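Please open the structure in a viewer and keep the sequence beside it. The tour below proposes what to select at each stop and describes what is found there.

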Amino acid sequence: MKRFRFVGYELEKGEGEDVIFSIDYRTLKPDEEDEYFNMFSYAGWTHVCSSYDMQIFKAEKGTKPIYSDTESARDKIEQIAKPVRMAVVFLAALTGILWVIMTLTSGSLQNISKWAFLLSFVLTLPAVMTIMAIYYHKWTKRSKASL
């Protein structure tokens with residue numbers, strides 16, 4: 001794997017490796033990068049590439065996973081939840097506004113708002129299900145930590 005590309009990543013020809021990959025979602029400030037990448041390096045992980053708040057690492061098979069303890073796994077889930085939570089709030093608000101417009105208008109505006117409402121509802125439903133799954137996983141990590 002060479003780098004991220006639009007809706008995917010770019011691969012390059014090279015010698016075959018028997019490695020595992022892991023992704024970490026973290027917003028890094030410039031003064032945090034050295035310490036962050038060194039921490040993974042000491043644990044046996046090599047930085048492959050980054051894109052926005054996503055970093056890809058690789059390691060030899062059998063290397064201890066990046067998120068091996070409960071607290072770091074919960075932190076990973078929280079990092080993932082932030083943008084999803086914002087999308088759910090936006091989509092739910094948009095769907096609610098479109099529903100109000102659809103019910104209070106008539107004629108062409110009602111038809112347009114009806115189709116817009118249906119589209120936003122179709123997008124909102126999986127987003128809500130995704131955030132519910134994220135919080136379920138966060139809750140199960142918390143439950144396992146208290147055992």
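**The chain as a whole**

Begin with the whole protein chain, whose elements run β-β-β-α-β-β-α-α from the N terminus on. That makes three helices and five strands in its secondary structure. The model is a predicted one. Colour the 147 residues by burial: 26% of them count as buried. With the surface displayed, the protein chain exposes about 10700 Å², and carbon and sulfur atoms supply 62% of that area. Contacts can be viewed by their separation along the chain as well: among those between residues at least 6 apart in sequence, 59% join residues at least 24 apart.

**The open sheet**

Select β3, β4 and β5 next. These three strands form an open sheet in the order β3-β5-β4, with antiparallel pairing. Why is one side of β3 and of β4 left without a neighbour in the sheet? The strands β3 (19–25) and β4 (46–51) stand at the edges and have a single partner strand each, so one side of each has no neighbour in the sheet. On average, and with direction ignored, neighbouring strands of this sheet are turned by 20 degrees against each other.

Now narrow the selection to β4 and β5. Strand β5 covers residues 54–60, and its antiparallel pairing with β4 extends over five bridges. Two bridge partners in β5 may be picked out: I56 for C49, and Q55 for S50. Then move to the hairpin of β4 and β5, where two residues lie between the strands; Y52 takes a positive phi there, near 55 degrees.

**Helix α1 and its rings**

Add helix α1, residues 33–42, to the view. This helix lies across β3, β4 and β5, and runs at about 25 degrees to β5.

Show the aromatic side chains. The count of aromatic pairs comes to six. Select F37 and F57, whose ring centres are 6.1 Å apart; their planes stand at 50 degrees, so the pair is tilted. F37 belongs to helix α1 and F57 to strand β5, so this pair ties together parts that are 20 residues apart in sequence. Are these two residues buried or exposed? F37 counts as partly exposed, at 21% relative accessibility, whereas F57 is buried, with a relative accessible area of 0%. Extend the selection to Y36 and F40: ring pairs link Y36, F37, F40 and F57 into a cluster.

**Strand β2 and Y9**

Go next to Y9, in strand β2 (residues 8–10). Y9 is exposed, with a relative accessible area of 52%. Which residues does Y9 touch, not counting those up to four places away in sequence? They are M1, R3 and F4. For a distance towards the sheet strands, select the C-alpha atoms of Y9 and C49: they are separated by 10.0 Å, while the residues are 40 apart along the chain.

**Helix α3 and T124**

The last stop is T124, which lies in helix α3 (residues 108–146). T124 is buried, with a relative accessible area of 8%. Leaving aside neighbours within four places in sequence, T124 is in contact with L91, A92 and T95. Display the side chains of T124 and T95 to see the polar contact between them, at 2.9 Å.

Note on methods:
Residues numbered from 1 in each chain as written. Predicted model: local features only at pLDDT ≥ 70, side-chain atom pairs only at ≥ 80, totals over all residues. Heavy atoms only, no water. Helix = DSSP H or I, 4+ residues; strand = E, 2+ residues; numbered from the N terminus. Buried < 20%, exposed > 50% of the residue type's maximum accessible area, 1.4 Å probe, protein only. Polar contact = N/O pair within 3.5 Å; in protein donor to acceptor, adjacent residues only side chain to side chain. Contact = heavy atoms within 4.5 Å. Pairing = 2+ DSSP bridges. Axes fitted to C-alpha atoms, helices over the stretch in contact; angles between N-to-C directions. Phe/Tyr/Trp six-rings, centres within 6.5 Å; stacked < 30°, edge-to-face > 60°. Areas by Shrake-Rupley, 256 points an atom, 1.4 Å probe, with all protein chains shown as cover.
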